[in-house]
Amino acid sequence: MDNYYAVKERVYYAHARTEVLDLLPPQTRSLLDVGCGEGATAAVARARGVRRTVGIELFEEAAAQARPHFDVLLVGDVETLVSELPDEQFDAILCADVLEHLVDPWAVLTALRPHLAPEGHLVASLPNLQYYRILFKIMRDRFEYESS
């Protein structure tokens with residue numbers, strides 16, 4: 001796991017998830033980005049009017065790139081760091097392609113809930129192995145892992 005960041009294509013961590021941000025209401029002013037990578041999504045969020053950003057990133061190398069885009073950045077496993085989050089509520093929490101990597105994603109979501117404002121939004125994205133193009137590859141024994 002230590003070399004995962006080094007092996008994975010860097011573009012994966014540097015990619016802004018604008019399609020995920022597009023799901024948030026325009027009045028979003030505070031954001032928690034779980035699995036924030038190098039902070040590109042937070043940079044776009046700030047350009048769109050988000051005033052406060054907090055991130056959690058597993059890999060120190062990615063976090064080093066992300067730091068300028070966050071007011072608070074926690075480095076390590078979200079399953080242990082969720083208890084160290086600032087005592088505040090966010091307008092939005094992003095979990096973009098991170099839940100499927102966790103031992104107990106339901107426990108993390110439960111622990112994140114108090115950090116979501118009453119009218120806040122949690123947006124999660126997960127890979128879909130039931131997508132027909134992926135299923136055709138699997139059926140023809142041609143499925144290969146892709147970086148994104």
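This is a chat between a student and a tutor about one predicted model.

Student: Hi! What kind of model is this, and how are residues numbered?
Tutor: This is a predicted model, where local features need pLDDT of at least 70, side-chain atom pairs count only at pLDDT 80 or more, and totals for chains, interfaces and linings use all residues. Residues are numbered from 1 along each chain as its sequence is written, and side-chain values use heavy atoms, with hydrogens and water left out.

Student: Cool. What's the strand order in the sheet?
Tutor: The order is β3-β2-β1-β4-β5, an open sheet of five strands with parallel pairing. Strands here are DSSP runs of E with at least two residues, helices are runs of H or I with at least four residues, and both are numbered from the N terminus. Two strands pair if DSSP finds at least two bridges between them.

Student: Which strands are at the edges?
Tutor: β3 and β5 are the edge strands, and each pairs on one side only. From one strand to the next, the twist averages 15 degrees. For that angle, axes are lines fitted to C-alpha atoms (for helices, over the stretch in contact), and angles run from 0 to 180 degrees between N-to-C directions.

Student: And what holds strands together in general?
Tutor: Backbone hydrogen bonds pair the strands of a sheet, either parallel or antiparallel.

Student: How many bridges join β2 and β3?
Tutor: Four bridges, in the parallel sense, between β2 (residues 52–57) and β3 (residues 72–75). The chain gets from β2 to β3 through helix α5 (residues 60–66), and this β-α-β crossover is right-handed. Right-handed is the name used if, with the strands pointing away from the viewer, the path from the first strand over the helix to the second runs clockwise.

Student: Which residue in β3 does Glu57 partner with?
Tutor: Glu57 has Val75 as its bridge partner in β3. Gly55 has Leu73 as its bridge partner there.

Student: What about β4, is it mostly covered or mostly open?
Tutor: Mostly covered: six of the seven residues of β4 are buried. Buried means under 20% relative accessible area, exposed means over 50%, and partly exposed lies in between (1.4 Å probe, protein chains only).

Student: Which strands does β4 pair with?
Tutor: β4 pairs with β1 over four bridges in the parallel sense, and with β5 over six bridges, again in the parallel sense. You can follow Leu94 across: Leu94 in β4 is the bridge partner of Asp33, and Leu94 also stands opposite Val123 in β5. Between β4 and β5 the chain crosses through helix α7 (residues 105–112), and this β-α-β crossover is right-handed.

Student: Switching topic! How many salt bridges are there?
Tutor: The count comes to six salt bridges, where a salt bridge is a side-chain nitrogen of Lys or Arg within 4 Å of a carboxyl oxygen of Asp or Glu. One of them joins the side chains of Asp22 and Arg48, at 2.9 Å from N to O.

Student: Why does that pair tie together parts that are 26 residues apart?
Tutor: Because Asp22 lies in the loop between α3 (18–21) and β1 (30–34), while Arg48 lies in the loop between α4 (40–47) and β2. Asp22 is exposed, at a relative accessible area of 53%, and Arg48 is partly exposed, at 42%.

Student: Any others I should click on?
Tutor: Try Arg46 and Asp71, whose side chains meet at 2.8 Å, N to O. This pair links distant parts of the chain, with Arg46 in helix α4 and Asp71 in the loop between α5 and β3, 25 residues apart. Then look at Glu88 and Arg52, which meet in a salt bridge at 2.9 Å, N to O. Glu88 is in the loop between α6 (78–81) and β4 (90–96), and Arg52 is in strand β2, 36 residues apart.

Student: Which residues form a network?
Tutor: Arg17, Glu19 and Asp97, joined by salt bridges that share partners.

Student: Back to helices. Is Ala66 buried or exposed?
Tutor: Ala66 counts as buried, at 0% relative accessibility, and its place is in helix α5. The C-alpha atoms of Ala66 and Ala14 are separated by 9.0 Å, though the two residues are 52 apart along the chain.

Student: Which residues are buried in α4?
Tutor: Ala40, Thr41, Ala42 and Ala45 are buried there. Just after α4, Gly49 takes a positive phi of about 110 degrees.
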